[in-house]
Amino acid sequence: LSKKKCPLRAACYVHIICEETDIHGIAQIKKSHEVEYFIYQHLKYVFEQGLIYLVNGLENIRYSDIHAMSGGVTDSVLNYKLERYGPNVIDVPVPSYIGLFFKEALQPFYIFQAFAVVLWMVDDYRLYATAILIISIGSIGITIY
């Protein structure tokens with residue numbers, strides 16, 4: 001990573017300086033077909049016609065324009081919007097049941113229950129310890145389901 005000025009077309013990174021707070025940042029320039037952009041602080045900026053634009057969603061659009069698009073858009077408009085805004089997708093990672101089980105089992109209450117079960121087993125309260133163990137495992141199962 002070098003800090004040499006170069007033409008925008010040759011750059012791989014942009015150096016961002018906030019004039020209000022004097023905070024500096026670096027963002028990687030990404031290219032998607034004909035659109036060049038970078039993401040800084042979860043906001044997408046696009047290079048168009050030699051200028052940098054913040055990509056807004058529907059903030060600066062009139063309701064009549066939205067109503068006019070209710071019948072759909074042409075393929076060229078769709079491709080332009082896909083390149084500029086990206087797909088309308090929210091990827092939410094879904095943890096496995098085993099991961100959720102261990103995450104729940106490591107809560108302080110269940111750790112206490114495990115130590116109590118061991119203590120009751122040592123003191124020959126096997127039936128009570130087994131009942132508490134079954135109830136705790138069932139409770140964890142119901143919680144993660």
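**Helix 4 and its surroundings**

User: At 39% relative accessibility, does V73 count as buried, partly exposed or exposed?

Analyst: V73 comes out at 39% relative accessibility, and the classes are buried under 20%, exposed over 50% and partly exposed in between (1.4 Å probe, protein chains only). Bear in mind that this is a predicted model: local features need pLDDT of at least 70 and side-chain atom pairs pLDDT 80 or more, while totals for chains, interfaces and linings use all residues. Residues are numbered from 1 along each chain as its sequence is written, and side-chain values use heavy atoms, with hydrogens and water left out. So V73 counts as partly exposed.

User: Where does V73 lie?

Analyst: Helices here are DSSP runs (H or I, at least four residues), numbered from the N terminus. V73 lies in the loop between helix 1 (63-68) and helix 2 (75-85).

User: What span should the 15 residues of helix 4 have, and how far apart are its end C-alpha atoms?

Analyst: The expected span is 1.5 Å times one less than the number of residues. For the 15 residues of helix 4 (108-122) that gives 21 Å, and the agreeing distance between its end C-alpha atoms is 21 Å.

User: Which residues of helix 4 are buried?

Analyst: The outward side is easy to set apart: the face turned away from the buried side carries the exposed P108, F112, F115, V118 and V122. The buried ones are Y110, Q113, A116 and V117.

User: Within what arc do those buried residues fall, seen down the axis of helix 4?

Analyst: The arc is taken from the directions between the helix axis and the C-beta atoms. The buried residues line one face of helix 4, because their arc is 115°.

User: Leaving aside neighbours within four places in sequence, what is Q113 in contact with?

Analyst: Q113 sits in helix 4 and counts as buried, since its relative accessibility is 12%. The cover over the buried residues of this helix includes helix 3 (97-105) and helix 5 (126-144). With contact meaning heavy atoms within 4.5 Å, Q113's partners are I132 and S136.

User: Which side chains meet in the salt bridge?

Analyst: A salt bridge needs a side-chain nitrogen of Lys or Arg within 4 Å of a carboxyl oxygen of Asp or Glu, and the structure holds 1. One partner is exposed at 58% relative accessible area, and also takes a positive phi of about 65° just after helix 4; that's D124. At 3.4 Å, N to O, the two side chains are those of R126 and D124.

How values were computed:
Helices (H or I, at least four residues) and strands (E, at least two) are DSSP runs, numbered from the N terminus.
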